[in-house]
Structures are given as structure tokens and as C-alpha cells.
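Subject: Structure handover

Hello,

Here is the structure I promised to pass on. Please open it first, then read the notes below it.

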Amino acid sequence: VEGRREMKVLQSLFLIIGLFGFAGKEVLAEESLQAKIADTPVGGTLHIAKGVYQEPIILDKPIFVVAEDGVLFTSCSNEPIITIRGQNIGLKNIKIASCETDEAPFSIQVSGNAHKLEDITISSSKLAIMVDNTHNSVFQNIKISGEKQENAIEVWGSSNNTFEKILIDHVQDGFYAEDGSYNKFFRNTITDSRYGIHVMYSDYIVLEENVSKRNFTGVMIMQTANAFIANNTLVENNQNVNAQGLLLYDVHQSTITNNTISDNRVGLFIENSNHNKIEHNEVRTNYVGVQMSHVENNMIENNLFISNVTEGQAKNGKSNLIRNNFWDAAARLDTDGDGKSNLSYKVDPYFIALTKEVPEYQLFFQHPGMLLLQKMLKSPEHLLVSDTSPLMEIPLQNTTNMDIPSNFTAWLMSITMILASIFILYVGRKKL
Amino acid sequence: MKITIKTASLLLLLTVVFLSGCGQEKAEPVAINENTDKCDICNMAVSDNQFATQIILENGKSLVFDDIGCMHKWLKENEDQKVAQSFVRDYDSKQWIEEEKATFVYDKSLKTPMAYNVISFIKQSDAKHYVEGNEGTLLLTPDELNSHTWERNKEMMKMKMDSHNEEGSMEMEKSDHTN
């Protein structure tokens, strides 16, 4: 009897243990992402399994979170779906979409130091990524689509961050950066938005190889010093009456070089900016090539201004070194054969002054009557911004980009055509 | 006869008063058009929000600004221009109000478009309520606003950030970065 009793006790024990064990398994299966994050050791990796997640998560210790393909976070609450703070956190391969009940001000909130976010896709009408008080972090291969209501990425009080290969469309500002320094923007593309890259009160920023297309303004830099803006493509920013390729306002000691600025309403818009170096840029087929006011001590050299409806408008320029640019519209005369015109090219402030008062006068651009008035009402010499030695021809290294066939191809085509003609003539004559 | 002259004089007087009244048409604020309006100072697009301000010139032209600081910069740079009226907006209701009738608050923690950090209220009580609820803010009357320095908080922060960067990257390693 005792043996039976023992058996029963043992059976009960097994049952209880079994039940507990099973229950334990069930808890594990339903464990929240946040609990899994808590379980991941410092320096460890958390793999998120394929599925749809609605749970807002907070990453606040140095771990690497990588999602399987097919992971979708839907933002449906009033909190950011992902919050990153602390340091050395990695986040990879995440897709985020807004749902109807999304009331969070932004999808991802980042603060802290040395994070890396890569391969992320966000589709939301709200601000996609808020980068606040963040340093030494990398944001790479990110795709953001908006509904033209909010900015895509805002960067506040942050420094030494890199934003690379980010594709943004249909937002307010692609990037809005304020109060930071040493932030770098490489190879990003922003289209169909208000401003592509909008930087304020941020020094030592670097913008290289970005493309800003079909926006109100390609790149807008304000209250900034020591910026380096090179090899960017700012095109077709003409969607608004106030559109421009590159706007510099209150920008100092900066370098703007080798950028392609074409098919914008205004190509280069420079105001209240001093001691900048603007060189080797190609400003082509804009409505107004360059518009400058209150610019002092800038060096504007070796730029090309080609096929713009109006090459330039300028007023209140002082002590600028403007030389060796190619101005399509300039009357050129080279008597000493140095490749530079002896006639200086003056960028007249007449139109800018006129349209500032009555913007509707833009309708009369290039009207013969206006040109006559411009000649009659000459602006005082000291107010003119002028190129002292405009280039006679487009420099060779630039002509290669203009799809002009090489000499060899031209010769080959000519010879083929001549031979073909001779053959036709010869055969035709024989038949007769 | 005397009565007729008196009546005629009175009528004439009334006509003169009426006509002179017609000449002094009150300047009214115009609505902000977000698609086309840009700030006359900083060139940024003007959003139809509580920070927008505007000036109506005596010739009827309207100038819009994205920040009250930009408007005051314009007034300083264009003292020769004839201003009929300047308008600001109530921080809560976005209703336009003549600038001289508003009460202002300087709040350096606020994010205004050009970081001048001044907002305006129709009711003084609302401004006081805001100041009581937000530490480090300052109430300004229109007269006090005219002597306001318009220093931008961001410029100070930028200087701080610069010196911070020059100190080296060691500081950056701290996760609890404070600016």
C-alpha cells in the first residue's frame, strides 16, 4: 500500500513539475520584446524573429539588435516605437510603419553615444527619427517615406555623427540639423520634399555627394561656419516660387566646391555670408544662376555659369575676389591670349532690387524694355559684384562631362559617311 | 437763411470728417500662405503657426516673418520705411493682434523658428500663467520688448559646443552628455 502511495505522490509531483514546466514554456513563448532585451547580456546580440510587433521598445544598454527579414514594427501608441539611449547600441534590418492610432511624435528616438543604426525602413506621416544629444553615432542605409507633413530626420544638439546613404522622399525637411557640430552627411538622396538638407547653428558640418532633387530648396545652410560642401548634386529644385538649389544665409569661412547645381529656380542664393570659398561649381540651366546680397570677402573662382536664363543678380557686395569664372552671357575679349577676358563681367543688381519691391516684375525678365532700363539706370560701380577676368572658354576638364563626342568618334563617323557617299555615287553612276 | 448756412456748414464739416475718416483705413493682417510666403529677413518659408509675424506698410504692402526676432531685425534695418502696423500672434489661439497690445514672454528653452525664443499673448493673464508654469521665463511688455537684446540662445549653445569639441573626444565617451 505504501508503495502505491509513493507512486501516487511521485505521479502528482511529476504532474505538478510537468504543468509548471509547460506553463513556463508558454510564458517564454509570449515573452515581450522588452523582456528579451532585458535578458540579453551587455555586448550580446538579440535576434528578432519574423513577425509584426506593436510593442514600443527601449534599448538602453550596449547590445546589438538585429531583425530577421520580414520583421515589421507598427507604431500605434503615443510613444516612439523604438527608443535608444545610453551607448554602443546597434540596430539593424528593421521596418517601421505607422498605424491609424499612431500618436507618437516620432518613430525612433535616439540619444547617447556611439550607436549604429542601419538597414532601416520607415513609412510615417510623423517625424521618422529624432536624434537628440547624440554623439559619435552612425546612421546608414535608411529609407524614409513621409506625407509632406513632418521632417524625416531631426538632429538637435548632436555632434560627430555620420548620416550615410539615406533615401528620403515626400517630407518637410529631409534633414533638419540644429545646434550641432562636426556632423557628416554623405551620399544621401532627398526628393519631392520642402528642404533637402536644412542646417542651422551647426559648425564644421560636411556635406558630400548628396543628391537633392525636386525639392523647394536643395540645401539650406544658415548661421553656420566652417562648413564643407562638395560634390553634391542639387537639381530641379524649382517646385516653389522661392525655390533654390543651394541657399547660404549667414554662412562664414566655408568651402563650397565641385557641386552640380542645375535646373533650379535660383541656383546659388547667398546672403549675409562672408569669407567663403566658392569654386569649381557648375551652375547650369537655372532661372537665375547666382543671387547674392550683402556678401563680403568671398572668393568665387573657376565656377561655370552656363545657360541660365539670368546669369546673376547681386547687390551690396564688398571686397569679394571674383575671377576666372566662365559666364555664358559675358561679352568676352582676350587681347593677350591668356585665356581670360580683358573685359570684366558685372552682375547687375537691377533686377534683384526691382523684384524685391514688386515680385511680379519677374514676368518682365529679359524683356527688351527692361534691358534698356537696366542700361539707362546703371547701378553705382562700388555696389556691383563683378568678375575681373572671366574665362574665355569652358575649361577642358569640364567639357568631358558635356557628352561631346571625342575626336576619334567624330573622325570615324565622318570617314564612314564619306565612304558611304562615294560608294552610293559610284554604284549609282555605273547603273546609268 | 442763417439756419441754412449753419446747416450747410455743419454738413460740410461732417463731410470733411467723414472723408478724412475714409482715408485712414485700418491696417489688417493678411493670411499666411505657406506655399509662397518667405521671411523677409532669413528667407525661410513662413509656417502658418503662432510664431509668424507681419508688418503692413503704409503703401499696403505686407511683409511676413517666421519669427518675431526677424521682424525686429527688419525694423532696425529699415527705419526709413513707413510702417502702418506690426502684428504678432497669440501663442495659444494663433489670433493676430497689434504688436503694441500684446504681452511677450522670453523662454530660452523654447524652439522658435530662428531661435529668438520670444512668444506673444493677447491676454496679459495668459502670459503670466505661462511664466508661472515655466521656470526661467521672463515677461516682457511692448516697451520692454523694444529694449530686448534679441540674443539667440543657440549662438551661446553653439559656442559652448565648439569649446566642448575642442576639448577633445574624451568627453564624448560619456553617455550622459549634457549641453
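**Chain A at a glance**

Chain A has 432 residues, and buried residues make up 48% of them. Please keep in mind that this is a predicted model. Chain A holds 6 helices and 36 strands. Take the contacts in chain A with a separation of 6 or more: 40% of them join residues 24 or more positions apart.

**Where the chains meet**

The size of an interface is often given as the accessible area lost when the parts come together. Here, chain A and chain B bury about 2,800 Å² between them. Carbon and sulfur atoms give 46% of that area. On the residue side, chain A brings 39 residues to the contact and chain B brings 32. How many salt bridges does the rule find across the interface of chain A and chain B? The count is 0.

**The largest pocket**

Next, the open spaces. The largest pocket has a volume of about 1,400 Å³. It is lined by 44 residues, and those closest to its centre are A:Thr355, A:Lys356, A:Pro359, B:Lys38 and B:Asp40. By class, the lining has 18 nonpolar, 14 polar and 12 charged residues.

Several elements each supply at least two residues of this lining. From chain A they are strand E26 (266-271), strand E29 (288-296), strand E32 (310-318) and helix H3 (350-357). From chain B they are strand E2 (62-65) and helix H2 (68-77).

Which element gives the most to the lining of the largest pocket? That is H3(A), with 5 residues.

H3(A) is worth a second look. Its buried residues are A:Tyr350, A:Phe351, A:Ile352 and A:Thr355. An α-helix has 3.6 residues a turn, so residues three or four places apart point the same way. The buried residues of H3(A) pack against E29, E32 and helix H4 (368-376) of chain A. E29 and E32 also appear among the elements that line the largest pocket. A:Thr355 has two roles in these notes: it is a buried residue of H3(A), and it is one of the residues closest to the centre of the largest pocket.

**The second largest pocket**

The second largest pocket holds about 880 Å³ of space. Its lining counts 31 residues, with A:Asn151, A:Gln172, A:Arg194, B:Ser47 and B:Asn49 closest to the centre. Three strands of chain A give two or more residues each: E10 (127-135), E12 (153-156) and E14 (173-178). E14(A) has the largest share, 3 residues. The lining divides into 12 nonpolar, 9 polar and 10 charged residues.

**Closed cavities**

Rolling a probe the size of a water molecule over the atoms shows where empty space is left. In this structure there are 4 cavities of 30 Å³ or more.

The largest cavity contains about 80 Å³ of space. Its lining has 14 residues. Nearest its centre are A:Tyr195, A:Phe216, A:Asn240, A:Asn242 and B:Ala45. The lining splits into 5 nonpolar, 6 polar and 3 charged residues.

The second largest cavity has a volume of about 60 Å³. Its lining is B:Gln50, B:Phe51, B:Thr53, B:Asp67, B:Ile68, B:Thr112, B:Pro113, B:Val118, B:Ile119 and B:Ser120. Strand E6 (residues 118-121) of chain B gives the most, with 3 residues. By class, there are 5 nonpolar, 4 polar and 1 charged residues.

**Two backbone angles to check**

Most residues other than glycine have a negative phi, and most peptide bonds are trans. Two residues of chain A are worth checking on this point.

A:Ala114 has a positive phi of about 55°, although it is not a glycine. Where is A:Ala114 placed? It lies in the loop between strand E8 (106-113) and strand E9 (116-123) of chain A. A:Ala114 is partly exposed, with a relative accessible area of 26%.

A:His294 also has a positive phi, near 50°. A:His294 is found in strand E29 of chain A. With a relative accessible area of 39%, A:His294 is partly exposed.

Best wishes

Technical notes. Residues are numbered from 1 along each chain as its sequence is written. Chains are lettered from A and ligands numbered from 1 in the order in which they are written. This is a predicted model: local features need pLDDT of at least 70, side-chain atom pairs count only at pLDDT 80 or more; totals for chains, interfaces and linings use all residues. Side-chain values use heavy atoms; hydrogens and water are left out. On a 1 Å grid over the protein atoms alone, a cavity is a set of points where a 1.4 Å probe fits but cannot get out, and a pocket is an open set with protein on both sides within 12 Å along at least five of seven lines; lining residues have an atom within 4 Å of a point. Grid points are joined across faces, edges and corners, and a volume is the space filled by probe spheres set on the points. Ala, Val, Leu, Ile, Met, Phe, Trp, Tyr, Cys and Pro count as nonpolar, Asp, Glu, Lys and Arg as charged, and the others, Gly among them, as polar. Helices (H or I, at least four residues) and strands (E, at least two) are DSSP runs, numbered from the N terminus. Buried means under 20% relative accessible area, exposed over 50%, partly exposed in between (1.4 Å probe, protein chains only). Contact means heavy atoms within 4.5 Å. Buried area is the accessible area (1.4 Å probe) that two parts lose on being put together, summed over both. A salt bridge is a side-chain nitrogen of Lys or Arg within 4 Å of a carboxyl oxygen of Asp or Glu.
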